[in-house]
Amino acid sequence: MGVSGLLEFRKENRPCFTSQNENNPAMKTPRWTSLLCSLLVALGSLSSAISADGDAAKSVKNFPPPKRATIPKVKGELRIDGKLDEAVWKEAAVLKPFSLNDGKGPGAEATEVRIWYDDQALYLGWTCVDADIEATFTQRDSKFWEEEVAEFFITPTPENLSRYFELQWNPLGGVFDAIINNELDSNGLSKGIKGDWSFTAAGMKSSVLVIGTVANPNDRDEQWTAEVKIPFSDLQHAAPKPGEVWRGNFFRFNRGKGHPAEQLSWSPTLLPSFHEPSRFGYLEFK
Ligand SMILES: [Ca+2]
Ligand SMILES: [Ca+2]
Ligand SMILES: [Ca+2]
C-alpha cells in the first residue's frame, strides 16, 4: 500500500487482538494471544468485546458513558521542541489515566496528554512513561502502530461521527495524518473504515523529546514526550466557540520488554477497535 494509497479494511477480517493492523499480514500476533482469541471465540460470547454484532450492540447500550474533558483557552509563548516546560502547559487540561482499550485494567506504564487551545490551534502535550522505547519508522504515514505511537482521533463535526481525522506521532518524530471515513450501523458501531492517507495536515507542527535510547532494549529508558500544534485550518473547521463540544479520543500503542503489547486509550472503546467513534470522548471548549 503506497503512502498516498487508500486504505480499506472490513470488520470481518479483523483479528481479535489488533485494532489497526488488519491490512498487515506481517504483523506478528503473539501465539498466546492467538490461542486466547481462539478459546474465547470457541466458548462463545464470554466477552462482549468480541461477540457478534448484535450482542455488541446490546452491550454498547450498557457501556459506561465516554469520558468528558473541558479544554481551556490559554494565551502564552510556546516553542514546539518536545519540552513541555512553558507556562501554558500548566494551564492545560490533563487527560489521564489511560487504560487498556478493552477495559481490562490500567496500562503497564503511565500515559497522559495535556490539551489547550487558542484562536489558531489545538495543542497537545503527550507524556509517555516508557522503560523500553521501541521505534524505527520515521517516514510520514508509516504504520507506526506496529511499533510505539501516540494517536489522536478528532472530529469537529460530532453530528457526523463517520468522518474524522487520525493523527499520530512516534518517538522518532514520525507523523501520520489521515482522514477516516467509517461506515457505521444503526447502533453507531463500525462496519468498516476507509482511510485517506493522502491527507496532509500541512500546518501541523510537532516535536518529540526522548529521555532514553530508542530501539535499544538493553538499557532502561525513562519517557518520551510529544509537543504538538494542530491548526484548526488543518481540521478544516473554524476555531471552536466557548461551549462547543467536539468528539475525540487519545490512544497509545506501548510495546517493549517486560509487558505484552498494549493498546491504551483515554476513553476506552471497550470494543476490539479504536475506530468506534461512538465511544470517543466529549471535548468541550471552555
Ligand atoms: Ca516546548
Ligand atoms: Ca498523510
Ligand atoms: Ca515501550
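**Note on the strands and backbone of a predicted model**

1. In this predicted model, 5 strands form an open sheet in the order 3-5-6-12-11, and the pairing is antiparallel. Strand 3 and strand 11 (205–211) stand at the edges with a single partner strand each, so one side of each of these two strands is left without a neighbour in the sheet. From one strand to the next, the twist averages 15°. For a reader new to sheets, it helps to recall that strands of a sheet pair through backbone hydrogen bonds, either in the parallel or in the antiparallel sense.

2. Within that sheet, strand 5 (residues 111–117) and strand 6 run antiparallel and are joined by 7 bridges. One position to look for is Thr-111, whose bridge partner in strand 6 is Cys-128.

3. Strand 9 (residues 175–184) and strand 10 (residues 190–196) also deserve attention, as they pair in the antiparallel sense over 6 bridges. Ile-179 has Asp-196, in strand 10, as its bridge partner. The two strands, 9 and 10, form a hairpin with 5 residues between them, and in the turn Gly-188 has a positive phi of about 85°.

4. Which residue in the loop between strand 6 (121–129) and strand 7 (149–155) should be checked? Asp-141 has its place in this loop, and its phi is near 65°, which is a positive value in a residue other than glycine. Is Asp-141 buried or exposed? Asp-141 counts as buried because it has 23 C-beta neighbours inside 10 Å, where the cut-off for a buried residue is 20 or more.

5. A positive phi in a residue other than glycine is also found at Leu-270, where the value is near 60°. Leu-270 lies in the loop between strand 14 (262–265) and strand 15 (281–285). With 24 C-beta neighbours inside 10 Å, Leu-270 reaches the cut-off and therefore counts as buried.

6. The last point concerns a peptide bond, the one that runs from Lys-96 to Pro-97, which is cis, with omega near 0°. Pro-97 lies in the loop between strand 3 (93–95) and strand 4 (99–100), and strand 3 is one of the two strands that stand at the edges of the sheet described in the opening point. A student following the chain in the structure can therefore find this cis bond just after an edge strand of the sheet, by looking in the loop that joins strand 3 to strand 4.

Technical notes:
Residues numbered from 1 in each chain as written. Chains lettered and ligands numbered in written order. Predicted model: local features only at pLDDT ≥ 70, side-chain atom pairs only at ≥ 80, totals over all residues. Helix = DSSP H or I, 4+ residues; strand = E, 2+ residues; numbered from the N terminus. Buried ≥ 20, exposed ≤ 12 C-beta atoms within 10 Å, placed from the backbone. Pairing = 2+ DSSP bridges. Axes fitted to C-alpha atoms, helices over the stretch in contact; angles between N-to-C directions.
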